[in-house]
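This report describes selected side-chain contacts and strand pairings in the structure shown below. It turns to salt bridges first, then to one serine and the strand that follows.

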Amino acid sequence: TGSSEIQMNRLIGKWFEGEDLPTNFVGGDSARGYGGRKFNYGSLTGDFYVNGIELNDINQGSAGSCYLIAAIICSANDSESLITSMFRDNGDGTYGVRFYGDDLSEMWVTVNNKIPVKNTNRIHLSGNINSSLSGEKWVSLLEKAYAQANEIGLFERYGDKDSRNSFWGVEGGWGDALTHISSKELEGNINVKYTCNGNVNSWNTWKSRIVSELKSGNSIWLGSFGSTYGSNGKKNFVPGHAYSITSYNASTDLFTVYNPWGVSHSYSSHNHSFQTSWNDIFNLNAYLYWT
């Protein structure tokens, strides 16, 4: 009662047409050396999925959303149906996208096909393997929907980032993004520095639990605070970045890890997927989360 026609039309556009786009600014990805910048919006034109969901589909882009993208990789590796159940095609170029708050309450937002683009008219933030507007849509729209859902206030962001419809507002985070996707509370939250007091013997007592979780199809979110390189000279782990542990090979005693930065090319400085040891993870002062 008392709302103006302009207010009502704006709310209709927000709720049903996805027209209330997140503010056009990101702080950047400090782990990758990307600074803050403004951007324009362009329109996705490809299919929602191409050949289902694959981990190679997922490419972080230029925002500091590695914690979210790592959680998406974990969730996609564990259950393709969990990812597909998050979306509802409204049949009019908009999609409903579901998340869960820190209190596990279900919430939906509506997104349209407009996403942040670079001056070259390629995807600026998270997207498909080629950062192409004509490629598959789901990763870009999931990240945008997460930024929109932040406005509801159930992700318990802090300071100026709380309750803002903003990509900047969802930059930086931890493994609780697993809960926001799956509705499952975190069962695991261990780290080298605090849980184990930097003691390798204490850390080693957790290895069997992590291996058991992976064997049961439960990927592990990893926060890195150290550096390692592959035999090809490219970066594996970097400080202040999130990763996904997707499997364990008992014969080699190594864990498979995915980097949210996406498939590496000849010019890339990182490895997309690589093997690492439990001791290497200890030396990272790592944080591990799982649901």
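The side chains of K14 and E151 meet in a salt bridge, with N and O 2.6 Å apart; the term denotes a side-chain nitrogen of Lys or Arg within 4 Å of a carboxyl oxygen of Asp or Glu. K14 belongs to helix 1 (residues 5–17) and E151 to the loop between helix 4 (138–149) and helix 5 (177–182), so this pair ties together parts that are 137 residues apart in sequence. Helices (H or I, at least four residues) and strands (E, at least two) are DSSP runs, numbered from the N terminus.

The model is predicted: local features need pLDDT of at least 70 and side-chain atom pairs count only at pLDDT 80 or more, while totals for chains, interfaces and linings use all residues. Residues are numbered from 1 along each chain as its sequence is written, and side-chain values use heavy atoms, with hydrogens and water left out.

**Salt bridges**

Across the whole structure, a search finds 5 salt bridges. Three of them are described here, including the one between K14 and E151. K14 also forms a salt bridge with D20, and K14, D20 and E151 are thereby linked in a network. Another salt bridge joins R209 and E187. This pair links distant parts of the chain, with R209 in helix 7 and E187 in the loop between helix 5 and strand 8 (188–191), 22 residues apart.

| Salt bridge | Closest N and O atoms |
|---|---|
| K14 and E151 | 2.6 Å |
| K14 and D20 | 2.6 Å |
| R209 and E187 | 3.5 Å |

Accessibility is described in three classes: buried means under 20% relative accessible area, exposed over 50%, and partly exposed in between (1.4 Å probe, protein chains only). In the network, K14 is partly exposed at 24%, D20 is partly exposed at 30%, and E151 is partly exposed at 33%. R209 is partly exposed at 31%, whereas E187 is exposed at 57%.

**S219 and its surroundings**

Where does S219 lie? S219 is placed in the loop between helix 7 (207–215) and strand 9 (220–224). Its relative accessible area is 2%, so S219 is buried. The side chain of S219 makes a polar contact of 2.7 Å with the side chain of D78, and one of 2.9 Å with the side chain of N77. A polar contact is a pair of N or O atoms within 3.5 Å; within protein, one must be able to donate a hydrogen and the other to accept it, and residues adjacent in sequence count only if both atoms are side-chain atoms. Leaving aside residues up to four places away in sequence, S219 touches C74, N77, D78, L214, I245, T246 and W290, where contact means heavy atoms within 4.5 Å.

**Strand 9**

In strand 9, 5 of its 5 residues are buried. In a regular strand the side chains alternate between the two faces of the sheet. Both faces of strand 9 are covered, with I220, L222 and S224 on one side and W221 and G223 on the other.

Which strands pair with strand 9? Strand 9 pairs with strand 10 (residues 241–249) in the antiparallel sense over 5 bridges. Strand 13 (residues 287–290) also runs antiparallel to strand 9, joined to it by 3 bridges. Pairing requires that DSSP finds at least two bridges between two strands. L222 has Y243 as its bridge partner in strand 10 and L288 as its bridge partner in strand 13.
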